[in-house]
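Subject: Structure for you to look at, with notes

Dear colleague,

I am handing over the structure below, together with some notes that I hope you will read alongside it. Please have the sequence and the coordinates open as you go through them.

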Amino acid sequence: MTAPTTGPIGADPGASPGPAPIKAVPLKHPGQWIAAAIVLILVFLFVWGAATNSAYGWGTYAKYLFDTRILKGVGYTLALTVLSMVIAIVLGVLLAIMRLSPNLVLRSVSWVYLWIFRGTPVYVQLVFWGLFPSLYKQIDLGIPFVVQFAHFDIQSLNAAFTFAMIGLALNESAYMAEIVRAGISSVGEGQTEASVALGMSWTQTMRRTVLPQAMRVIIPPTGNEVISMLKTTSLVTAVPFSLELYGVAHDISGVNFQPIPLLLVASTWYLAVTSVLMVGQFYLERYYSRGASRQLTGRQLKAMAAAQNKVLAVDEESDERR
């Protein structure tokens with residue numbers, strides 16, 4: 001009677017057995033668990049202290065969280081953010097093209113614009129826009145010294161919202177110009193040369209070759225600028241325009257003398273809108289980063305698995321027919 005073999009079938013009986021399989025033991029990190037426990041305890045103590053502290057005025061917070069005036073303030077904040085960013089993006093693209101232009105005059109004008117609006121605080125700029133009716137009492141449109149087409153009396157206009165929007169947009173366009181310029185510069189010159197060799201015009205090259213690749217660089221900082229613009233709208237009280245979220249919360253707190261719960265109300269709405277913008281930014285970044293990474297997403301892995309299953313099913317059918 002022969003002893004049973006311990007090695008694989010067909011292996012040489014005289015050969016020495018292979019090495020025993022390695023048993024991996026995960027390292028223990030007690031310090032991480034201790035640190036996590038300390039952080040959780042501190043967070044719990046802070047939340048408990050805030051919930052039981054009457055100075056926060058949680059009753060007033062709940063009363064004004066969905067107040068009509070607060071909701072209108074959120075609407076004005078969103079309007080300022082969207083309109084200012086649209087104008088800033090259009091001006092930013094124009095300024096970026098001027099910075100990349102071989103024309104010395106265009107490059108110089110663009111550089112001076114960026115130097116002024118990036119070198120001065122946005123609050124100071126908004127104060128100047130609030131004083132615009134004092135600087136220019138009226139504006140005449142037409143051919144100088146010949147004919148006048150239109151006349152605007154600036155002091156008679158109640159255009160605080162317009163001045164706030166213009167002030168925010170002009171300041172933001174300087175930063176958007178640098179973002180767009182960096183995105184366009186990140187695309188290699190070989191891409192442009194190849195497009196020209198294929199017979200594309202400059203417009204087709206920018207639309208089909210340069211911009212799709214530059215968007216991967218432009219989108220992340222642009223999303224951050226949108227979020228920053230949302231919060232910067234709280235400075236338009238310098239114009240003065242006080243119908244946006246922070247201005248409304250400040251006016252209400254000036255009546256009931258409870259600034260803390262009203263600040264919490266404004267912060268809650270800022271956080272809610274910012275969270276929505278961050279989700280949108282995530283999906284935009286993922287859309288424009290397709291093909292830039294070798295790491296496959298969950299959807300791509302599912303599509304690959306489904307394709308492999310179809311190939312296996314076709315092979316099985318062909319084997320059965322044979």
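What follows goes from the overall fold to one helix, then to the cores and the aromatic pairs.

Please keep in mind throughout that this is a predicted model. The secondary structure of the protein comes to 12 helices and 2 strands, and from the N terminus on the elements run α-α-α-α-α-α-β-β-α-α-α-α-α-α. Of the 322 residues of the protein, 28% count as buried. If one takes the contacts between residues at least 6 apart in sequence, 71% of them join residues at least 24 apart.

The helix I looked at in detail is α4, which covers residues 104–119. With 16 residues at 1.5 Å a residue, α4 should span 22 Å, and its end C-alpha atoms are indeed 22 Å apart, so the expected and the computed values agree. At the start of α4, the backbone nitrogen of V105 has a side-chain oxygen of N103 within 2.8 Å.

Which residues of α4 are buried? They are S110, Y113, L114 and F117. Seen down the axis of α4, these buried residues fall within an arc of 95°, and they therefore line one face of the helix. The spacing fits a general rule: an α-helix has 3.6 residues a turn, so residues three or four places apart point the same way. On the other side of α4, the exposed residues are L104, V105, W115 and G119. As for the partners of the buried face, the buried residues of α4 pack against α3 (68–100), α5 (122–130) and α7 (160–185).

One residue of that face, Y113, leads on to the interior of the protein. Leaving aside neighbours within four places in sequence, Y113 is in contact with L91, L95, L170, S173 and A174. The largest nonpolar core has 37 residues, and Y113 is among those with the most contacts inside it, along with L126, F163 and V236. At least two residues of this core are supplied by each of α3, α4, α5, α7 and α9 (202–232), and α7 gives the most, with 12 residues. Apart from this core lies another, of 16 residues, which includes Y61, L230, V248 and V265.

Turning to the aromatic rings, the structure holds 13 aromatic pairs. In one of them, the rings of F66 and W269 have their centres 5.8 Å apart and their planes at 85°; since planes over 60 degrees apart count as edge-to-face, the pair is of that kind. F66 lies in the loop between α2 (58–64) and α3, whereas W269 lies in helix α11, so the pair ties together parts that are 203 residues apart in sequence. Are the two partners buried or exposed? F66, at 58% relative accessibility, counts as exposed, while W269 is buried, with a relative accessible area of 17%. Elsewhere among the rings, Y56, W58 and Y61 form one aromatic cluster.

Finally, a polar residue in helix α11 (residues 259–288) may be worth a look, namely Q281. Q281 is buried, with a relative accessible area of 11%. Not counting residues up to four places away in sequence, Q281 touches P220, G223, N224 and I227.

With best wishes

Notes. Residues are numbered from 1 along each chain as its sequence is written. This is a predicted model: local features need pLDDT of at least 70, side-chain atom pairs count only at pLDDT 80 or more; totals for chains, interfaces and linings use all residues. Side-chain values use heavy atoms; hydrogens and water are left out. Helices (H or I, at least four residues) and strands (E, at least two) are DSSP runs, numbered from the N terminus. The expected span of a helix is 1.5 Å times one less than its number of residues. Buried means under 20% relative accessible area, exposed over 50%, partly exposed in between (1.4 Å probe, protein chains only). The arc is that of the directions from the helix axis to the C-beta atoms. Contact means heavy atoms within 4.5 Å. A polar contact is a pair of N or O atoms within 3.5 Å; within protein, one must be able to donate a hydrogen and the other to accept it, and residues adjacent in sequence count only if both atoms are side-chain atoms. Rings of Phe, Tyr and Trp (its six-membered ring) pair if their centres lie within 6.5 Å; planes under 30 degrees apart count as stacked, over 60 as edge-to-face and the rest as tilted. A nonpolar core is a set of buried Ala, Val, Leu, Ile, Met, Phe, Trp, Tyr and Cys residues joined through side-chain atoms within 4.5 Å.
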